[in-house]
Amino acid sequence: EPVVGFLLVKDSNGEHGVYVIYEGENIFGSGTFPDDSKYQMIVTAERLLTSKHFSISGDKTKGLTLMVYDNATAFVFGSNKNFRKGVIDYRDTLTLGSLQITLIDNYN
């Protein structure tokens, strides 16, 4: 599947990571789901991140849409302290406790 962007992830413990956003649905969290090829585990000590926390749907022409799963804590996004679903853009930053997630475009 084509790569439409990346998540640059950092937390207050100094953990950093880069995760791929493929075209279509991408699922992220803190646990492991070996049977789900669309799942990526974010390595962090942030306790608010649940095992299957959020998804990002990526489309090169339509952009990015984020959805937080029902049992998971919402993100802080700009002035919205309870962001659960909506359009996001490259260079946006989402915050969850000490975790910061910045969206980066795939320029290739």
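Strands here are DSSP runs of E with at least two residues, numbered from the N terminus. Thr102 is found in one of them, strand S11. The model is a predicted one.

**Around Thr102**

The side chain of Thr102 makes a polar contact with the side chain of Thr93, at 3.0 Å. Neighbours within four places in sequence aside, Thr102 touches Phe6, Leu7, Leu8, Arg91, Asp92 and Thr93. Thr93 is thus named both as a contact and as the polar partner.

**The nonpolar core**

In soluble globular proteins, nonpolar side chains tend to be buried together. The largest nonpolar core in this model holds 24 residues. Those with the most contacts inside it are Leu7, Phe54, Ile56, Leu64, Leu66, Phe75 and Ile88. Several strands give two or more residues to this core, among them S1 (3–10), S2 (16–22), S5 (54–59) and S6 (63–68). Strands S7 (75–77), S10 (93–96) and S11 (99–105) do so as well.

Take Ile88. Leaving out neighbours within four places in sequence, Ile88 is in contact with Ile56, Leu64, Thr65 and Leu66. Its contacts also include Phe77, Phe83, Leu94 and Leu103.

**Pairing of strand S3**

Strand S3 covers residues 24–29 and pairs with S5. S3 is also joined to strand S4, residues 39–41. The table sets out both pairings.

| Pair | Bridges | Direction |
|---|---|---|
| S3 and S5 | Five bridges | antiparallel |
| S3 and S4 | Three bridges | parallel |

Within these pairings, Asn26 stands opposite Ile56 in S5. Phe28 has Gln40 in S4 as its bridge partner. Ile56 also belongs to the residues with the most contacts inside the core.

Note on methods. Residues numbered from 1 in each chain as written. Predicted model: local features only at pLDDT ≥ 70, side-chain atom pairs only at ≥ 80, totals over all residues. Heavy atoms only, no water. Core = buried A, V, L, I, M, F, W, Y, C linked by side-chain atoms within 4.5 Å. Buried < 20%, exposed > 50% of the residue type's maximum accessible area, 1.4 Å probe, protein only. Helix = DSSP H or I, 4+ residues; strand = E, 2+ residues; numbered from the N terminus. Contact = heavy atoms within 4.5 Å. Pairing = 2+ DSSP bridges. Polar contact = N/O pair within 3.5 Å; in protein donor to acceptor, adjacent residues only side chain to side chain.
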